Protein chains: 2
Amino acid sequence: MATITTPQVIPSPAEDADALLKAFQGWGTDEQAVIAVLAHRDAAQRKQIRVAYEQNYNENLIQRLQSELSGDLERAMYHWVLDPVERQAMMANAATKCIHEDYPVIVEIACANSCAELLAVKRAYHALYKCSLEEDVAARATGNLCSLLLALVGTYRYDGDEVNDALAKSEAKILYESVTNGETNHREIIRIVGTRSKAQLNATFGWFKEEHGTSIIKALQLGADPTGYSHALRTAVRCISDANKYFVKVLRNAMHKSGTDEDSLTRVIVMHAEKDLKGIKDAFHKRASVALEQAIDRDTSGDYKSFLMALLGGGI
Amino acid sequence: MATITTPQVIPSPAEDADALLKAFQGWGTDEQAVIAVLAHRDAAQRKQIRVAYEQNYNENLIQRLQSELSGDLERAMYHWVLDPVERQAMMANAATKCIHEDYPVIVEIACANSCAELLAVKRAYHALYKCSLEEDVAARATGNLCSLLLALVGTYRYDGDEVNDALAKSEAKILYESVTNGETNHREIIRIVGTRSKAQLNATFGWFKEEHGTSIIKALQLGADPTGYSHALRTAVRCISDANKYFVKVLRNAMHKSGTDEDSLTRVIVMHAEKDLKGIKDAFHKRASVALEQAIDRDTSGDYKSFLMALLGGGI
């Protein structure tokens, strides 16, 4: 469930565009006015505002926002105003350019989306970049990380609920042997995690835990490797097992004592605010014994904080 | 362009179903009557006939055809009556079960279809088998053959016409070095052939020939390997370079002096008769200096021959 709220009576796109123009004019930008409009409009409404703004003022709204805002608020607003599918294609593309560090973004897009949603992102990628996400991943990643990411973004996973229990049992055994073996059999791990349906994988992970008394995620931590592969694999397993729980982990890591990772915080809030942030918020509260709003309130400030709070359902 | 012909006035599905029932009744089956109906109906019409037959006679038409016909005609008619997309999904599934021999079917489906057509086949595969084509390929193939097939079926290739000439030149060099190197670098070959767009690959293959005076297909023949991988790779390159030319080769091999390979002959004719068999027929005539109809006339006989001839546009 989404967390954003929209007013009962939505102003026309032209009225919203006008309110934005007014917020840009004069000395300094009225950031609160910008947030009051854009944080409380859904994707279709934001698109209409972009179109109305361009038609009426002969100027690209996204570019104007980038020049009017700055810092974390600018980056967050930039991503928020984009179409949700294009936004993911753009985030995936940016991640391919620094793939040995930013691979978690690609894993999230591949594993936390449904297969129909992933396909939509891949189509948007074609339209924006005149090439496929697969070829950019294949050309820029190396080794096992490359094989894993390619399987994750390439496979058009079956998304039904049917589970083959015998297969789950036998593949849990293969995974266990592959993970605990001195010479880890990455090919088999990548094959199973990269191609089986999510329902099938969750049955396999369940068997793994039942048979071996430890979760596959913990078992995977045994084998360290210097490339991002092991981490990417654990990220994939986490996203497939329980995406909400995974995003709670990202949020908690982003608001760690050692400092705030605004990019990760923004990514989770912006990408999920009009999709499933309610579930992530509830899971966060349960896990951290503090509401997500409180944690964000403590860790951020200014207009950036106001914007995130608005996306979380506050202040209308 | 398709080769099948349909009558100017199409009988109703109920009339066609009735004609088929009459052809099945009495002593022996009237194969010519069956061919006269089904070989001259397009996919949508055949589907309506299947529905009408089942409704009116409470019997599955495909099963009845299988019990009434036999040999090569039965197998060809069985595939012909199916929905074209489901037919490919079923052929791909059958091929995964004997993947180290039947991989060419999978390569053809992955590379001779557009990316939208391949996606439709993968969707039909989900619906029919409650799993993905990718997981069946990954579970049943091994080694480089597996990596290649997975990239071919998994990648949602970009299908635009844009070509990056500098990339084509640099990847032609990578391919040449990978192929001619004693220790062939399969990973790079699979990456390029498996993920780049067809337009991009054709530019790369063009540069390869220009720079090295030999086609990549000929160069690939230098490195023999005991698994199907090398052959699968050449098949992929052929399908991507010029699918018509590739199917001409399949047809010529199927009608070789040493005997006829009816399965391959049927596959090409049935799969392309209502899609692009006209182009394949023209390319065959040019290459073999004999019309495809003449070659088939020489190599086949009986009702099977009549059926293929009808699919090629003969006798209405």
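Tyr129(B) is partly exposed, with a relative accessible area of 27%, a value that falls between the limits of 20% for buried and 50% for exposed. The model in which this residue sits is a predicted one, and every number quoted here is to be read in that light. Tyr129(B) belongs to helix 8 of chain B, and, once residues up to four places away in sequence are set aside, it touches Ala89(B), Met90(B) and Asn93(B). The C-alpha atoms of Tyr129(B) and Met90(B) are separated by 9.1 Å, although the two residues are 39 residues apart along the chain. Ala120(B), which is also placed in helix 8 of chain B, offers a second such pair, for it stands 31 residues from Ala89(B) in sequence and 9.0 Å from it in space, C-alpha to C-alpha. With 28% relative accessibility, Ala120(B) counts as partly exposed.

These pairs lead to helix 6 of chain B, which covers residues 84-96. Its 13 residues, at 1.5 Å a residue, should span 18 Å, and because the C-alpha atoms at its ends are 19 Å apart, the model agrees with that expectation. At the start of the helix, a side-chain oxygen of Asp83(B) comes to within 3.1 Å of the backbone nitrogen of Val85(B). The buried residues of helix 6 of chain B are Arg87(B), Gln88(B), Ala89(B), Met91(B), Ala92(B), Asn93(B), Ala95(B) and Thr96(B). An α-helix has 3.6 residues a turn, so residues three or four places apart point the same way. Within chain B, the partners against which the buried residues of helix 6 pack are helix 3 (43-57), helix 5 (71-81), helix 7 (99-111), helix 8 (115-129), helix 9 (133-140) and helix 17 (262-272).

Two of these partners can be followed a little further. Thr266(B) is found in helix 17 of chain B and, at 9% relative accessibility, counts as buried; leaving aside neighbours within four places in sequence, Thr266(B) is in contact with Ala76(B), Met271(B) and Tyr304(B). In the loop between helix 8 and helix 9 of chain B lies Lys130(B), whose phi is near 55°, a positive value in a residue other than glycine. Most residues other than glycine have a negative phi. Lys130(B) is partly exposed, with a relative accessible area of 42%.

Chain A contains a residue that can be set beside Lys130(B): phi of Asn58(A) is likewise near 55°, positive in a residue other than glycine. Asn58(A) is placed in the loop between helix 3 (43-57) and helix 4 of chain A, and its relative accessible area of 71% makes it exposed.

Chain A as a whole is divided into domain 1 (13-69), domain 2 (84-241) and domain 3 (244-311). The centres of domain 2 and domain 3 of chain A, taken over C-alpha atoms, are separated by 24 Å, and the contact takes 14 residues from domain 2 and 9 residues from domain 3.

The annotated positions of chain A come from a record. In an unreviewed entry, UniProt lists Phe24(A), Gly26(A), Gly28(A), Glu68(A), Gly259(A), Asp299(A) and Thr300(A) under "binding site". These residues span 277 residues in sequence, and the farthest two C-alpha atoms are 34.8 Å apart, so they do not all gather at one spot. Of these residues, Asp299(A) is included in the lining of the largest pocket.

Phe24(A) is found in helix 1 (residues 13-24) of chain A and is buried, with a relative accessible area of 3%. Not counting residues up to four places away in sequence, Phe24(A) touches Thr29(A), Val34(A), Tyr53(A), Leu61(A), Arg64(A), Leu65(A) and Glu68(A). Glu68(A), found in helix 4 (residues 61-68) of chain A, counts as buried at 18% relative accessibility, since the limit for that class is under 20%. By the same exclusion of residues up to four places away, Glu68(A) touches Phe24(A) and Thr29(A), and its side chain makes a polar contact with the side chain of Thr29(A) at 2.5 Å.

UniProt also places the feature "binding site", again from an unreviewed entry, at Lys257(A). Lys257(A) occupies the loop between strand 1 (255-256) and strand 2 (259-260) of chain A, and with a relative accessible area of 85% Lys257(A) is exposed, whereas Phe24(A) is buried.

Definitions and conventions
Residues numbered from 1 in each chain as written. Chains lettered and ligands numbered in written order. Predicted model: local features only at pLDDT ≥ 70, side-chain atom pairs only at ≥ 80, totals over all residues. Heavy atoms only, no water. Helix = DSSP H or I, 4+ residues; strand = E, 2+ residues; numbered from the N terminus. Expected span 1.5 Å × (residues − 1). Buried < 20%, exposed > 50% of the residue type's maximum accessible area, 1.4 Å probe, protein only. Contact = heavy atoms within 4.5 Å. Polar contact = N/O pair within 3.5 Å; in protein donor to acceptor, adjacent residues only side chain to side chain. UniProt positions renumbered as here; feature names shortened; annotations may be inferred. 1 Å grid on protein atoms, 1.4 Å probe; cavity = no way out; pocket = protein on both sides within 12 Å on 5 of 7 lines; lining within 4 Å. Domains from an automatic or database assignment.
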